[in-house]
Amino acid sequence: MDSLVSIGAMEWTGAVLGLLGALLLSLNHRVSRYGWPLFLLSNFMWIGFGIATDAWGLVFMQIGFTLTSVNGLVQWFVRNKK
């Protein structure tokens with residue numbers, strides 16, 4: 001039962017963080033850049049969920065989204081400081 005709770009927690013945490021990240025980016029405001037770290041955390045949750053449930057297509061997709069999240073972090077936090 002504990003593993004079902006943690007799998008469910010990963011699923012819902014990933015969903016909530018992903019939605020919050022999308023909301024922040026859609027605001028087009030100075031806080032929008034914080035959507036990228038939320039997306040990155042969401043990606044990790046979904047990767048964990050995908051591994052735990054043998055959803056390898058989801059894992060593959062989230063690895064790709066992780067790369068876009070890292071790119072967003074670099075664009076917003078590293079390049080915008082210059």
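Helices (H or I, at least four residues) and strands (E, at least two) are DSSP runs, numbered from the N terminus. With that in hand, here are some exercises. The model is a predicted one, where local features need pLDDT of at least 70, side-chain atom pairs count only at pLDDT 80 or more, and totals for chains, interfaces and linings use all residues. Residues are numbered from 1 along each chain as its sequence is written, and side-chain values use heavy atoms, with hydrogens and water left out.

**Exercise 1: the overall layout**

Work out how many helices and strands the chain has, and what pattern they follow.

Solution.
- Step 1. Count the elements: there are 3 helices and 0 strands.
- Step 2. Read along the sequence, and you get α-α-α.
- Step 3. Look at the dimensions: the C-alpha trace spans about 50 × 20 × 15 Å along its principal axes.
- Step 4. Check the cover. Buried means under 20% relative accessible area, exposed over 50%, and partly exposed in between (1.4 Å probe, protein chains only). Buried residues are 29% of the 82 in the chain.
- Step 5. Turn to the surface. Accessible areas come from the Shrake-Rupley method with a 1.4 Å probe, and for residues only the protein chains shown count as cover. The chain exposes about 5500 Å², with carbon and sulfur atoms supplying 71% of that.

**Exercise 2: do the helix lengths add up?**

Compare the expected span of H2 with the distance between its end C-alpha atoms, then repeat this for H3.

Solution.
- Step 1. Get the rule: the expected span of a helix is 1.5 Å times one less than its number of residues.
- Step 2. Apply it to H2: 18 residues should span 26 Å, and the end C-alpha atoms are 26 Å apart, which agrees.
- Step 3. Apply it to H3 (residues 56-78): 23 residues should span 33 Å, and the end C-alpha atoms are 32 Å apart, which agrees too.

**Exercise 3: a polar pair under cover**

Find where Asn43 sits, decide whether Asn43 is buried or exposed, and list its contacts beyond four places in sequence.

Solution.
- Step 1. Place Asn43: this residue belongs to helix H2 (residues 35-52).
- Step 2. Check its accessibility. Asn43 is buried because its relative accessible area is 4%.
- Step 3. List the contacts (heavy atoms within 4.5 Å). Leaving out neighbours within four places in sequence, Asn43 is in contact with Gln62, Phe65, Thr66 and Ser69.
- Step 4. Follow up on Ser69, a residue of helix H3. Ser69 is buried as well, with a relative accessible area of 2%.
- Step 5. Look at the two side chains. A polar contact is a pair of N or O atoms within 3.5 Å; within protein, one must be able to donate a hydrogen and the other to accept it, and residues adjacent in sequence count only if both atoms are side-chain atoms. The side chains of Ser69 and Asn43 make such a contact, at 2.7 Å.
- Step 6. Complete the picture for Ser69: setting aside neighbours within four places in sequence, its contacts are Trp36, Phe39, Leu40 and Asn43.
- Step 7. Zoom out. The buried residues of H3 are Leu58, Val59, Gln62, Thr66, Ser69 and Gly72, and H2 is among the things that cover them.

**Exercise 4: unusual backbone angles**

Which residues other than glycine have a positive phi, near 50 degrees and near 55 degrees?

Solution.
- Step 1. Recall the background: most residues other than glycine have a negative phi.
- Step 2. Take the value near 50 degrees: that is Asn28, in the loop between H1 and H2. Asn28 is exposed, with a relative accessible area of 65%.
- Step 3. Take the value near 55 degrees: that is Asp54, in the loop between H2 and H3. At 54% relative accessibility, Asp54 counts as exposed.

**Exercise 5: Phe77 and its partners**

Place Phe77 in its helix and name the residues it touches beyond four places in sequence.

Solution.
- Step 1. Find the helix: Phe77 is part of H3.
- Step 2. Classify Phe77: its relative accessibility is 21%, so this residue counts as partly exposed.
- Step 3. Name the partners: not counting residues up to four places away in sequence, Phe77 touches Arg33, Tyr34 and Pro37.
- Step 4. Add a distance: Phe77 and Arg30 are 47 residues apart along the chain, and their C-alpha atoms are separated by 12 Å.
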